Amino acid sequence: MTARSVFSILLLYAVLPLVSCSDYGLKVKKIDDQFYLILGEGGNSGVLFSDSAVLVIDTKVKTGAERMRRWIDDRAGKKKIYIINTHIHKDHTAGNHLYSNPDIIAGDYGNMFWNAVNSREDLPNHWLSDTMTLRIGDELVFIHNIGQAHSFNDVIVYLPKRKVLFTGDVVLNKVHPFLDEHVGANVDNYLTAIDDMLFTYAPKIVVPGHGDPGDKSTIIEFKNYLMDMREAANNPDLEAQMQEKYLDWMSLPINKAGFEQTLQYIRNSSSLRE
Ligand SMILES: [Zn+2]
């Protein structure tokens, strides 16, 4: 073998992502033997196993949803499935129907609203208007309808033993939010919900709806983004400065979210109030 081919092989290993075949190409982050984060391909997900049940937080969309269901099947067999949807957008819910007889918990949208906005096959069977707990193995999972922010009924999930908080799309990590008036997105309410979150929980790991997992500073950074954007929406002199500050943020989906879209959304909603 020539030095050049050895170099090529080394280069290949350096470039290939370290994903095992049994992970179906999913970006799996193991926190401990019972608890995993599965990132991207729709919203970020969490999977918590006990001897008798599995909790899935957000079920992704399209092939990501299918591959995550296969990944869970390989490990869970016939265990009881609980699903929590952090909100009504399909990138977090479109895998619901892939599981057999799940209990599906979502914020209190009700059947009519859900069916008008999302698909019937993914319809939850428990509407949560305030809070509930769910025992999964060693964890007493706390599920909290934090009210209207990214949508009319955003749900966040806290694992107190592990100190992990799933924020849904109420917090994103370096990603511009998709502000969708049909489901009730409201920037003032985002800020109220975020303050509530910061006051109530002491997470070590924060799993945002999109972007890398972080910690409490991820929540604070997103809060600052919303406040900056609200300022810039009311003061065009600040626009260029903010555009520069948030230059490396991603837009998801690319045509519906971004710097301009956030500014415009805030301007439209404040003109409605006047
Ligand atoms: Zn999302």
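Student: What average pLDDT does the protein chain have, and what share of the residues score at least 70?

Tutor: This is a predicted model, and the chain averages a pLDDT of 93, with 91% of the residues at 70 or above. Residues 15–19 are another story: there the pLDDT is below 50, and the stretch has two contacts beyond near neighbours in sequence. Where pLDDT is low, don't read the predicted coordinates in detail.

Student: Okay, on to the metal. What makes Asp-91, His-92, Asp-169 and His-210 donors of the zinc ion?

Tutor: Distance. A donor N, O or S atom has to sit within 2.8 Å of the zinc, and these four residues coordinate the ion at 2.1 to 2.4 Å, so they qualify. Along the chain, their spacing reads D-H-x76-D-x40-H.

Student: What does the pair Asp-91 and His-210 tie together?

Tutor: Asp-91 is in helix α3 and His-210 is in the loop between β13 and α6, so the pair links parts 119 residues apart in sequence.

Student: Why is the zinc site called irregular?

Tutor: Its four donor atoms make angles of 85 to 164°. Tetrahedral would need all angles between 85 and 135 degrees, and 164° breaks that, so the site is irregular.

Student: How do you know whether Asp-91 is buried or exposed?

Tutor: Buried means under 20% relative accessible area and exposed means over 50%. Asp-91 has 22%, so it counts as partly exposed. His-210, at 9%, is buried.

Student: And what makes Thr-218 buried?

Tutor: Thr-218, in helix α6, has a relative accessible area of 5%, under the 20% cut-off. Thr-218 touches Val-171, Leu-172 and Asn-173, leaving aside residues up to four places away in sequence.

Notes: Residues are numbered from 1 along each chain as its sequence is written. This is a predicted model: local features need pLDDT of at least 70, side-chain atom pairs count only at pLDDT 80 or more; totals for chains, interfaces and linings use all residues. Side-chain values use heavy atoms; hydrogens and water are left out. Donors are N, O and S atoms within 2.8 Å of the metal (3.2 Å for Na, K and Ca); water is not among the atoms, so sites may look incomplete. Four donors count as tetrahedral if all angles lie between 85 and 135 degrees; four count as square planar and six as octahedral if opposite donors are over 155 degrees apart and all others between 65 and 115; anything else is irregular. Helices (H or I, at least four residues) and strands (E, at least two) are DSSP runs, numbered from the N terminus. Buried means under 20% relative accessible area, exposed over 50%, partly exposed in between (1.4 Å probe, protein chains only). Contact means heavy atoms within 4.5 Å. pLDDT is the predictor's confidence in each residue, from 0 to 100.
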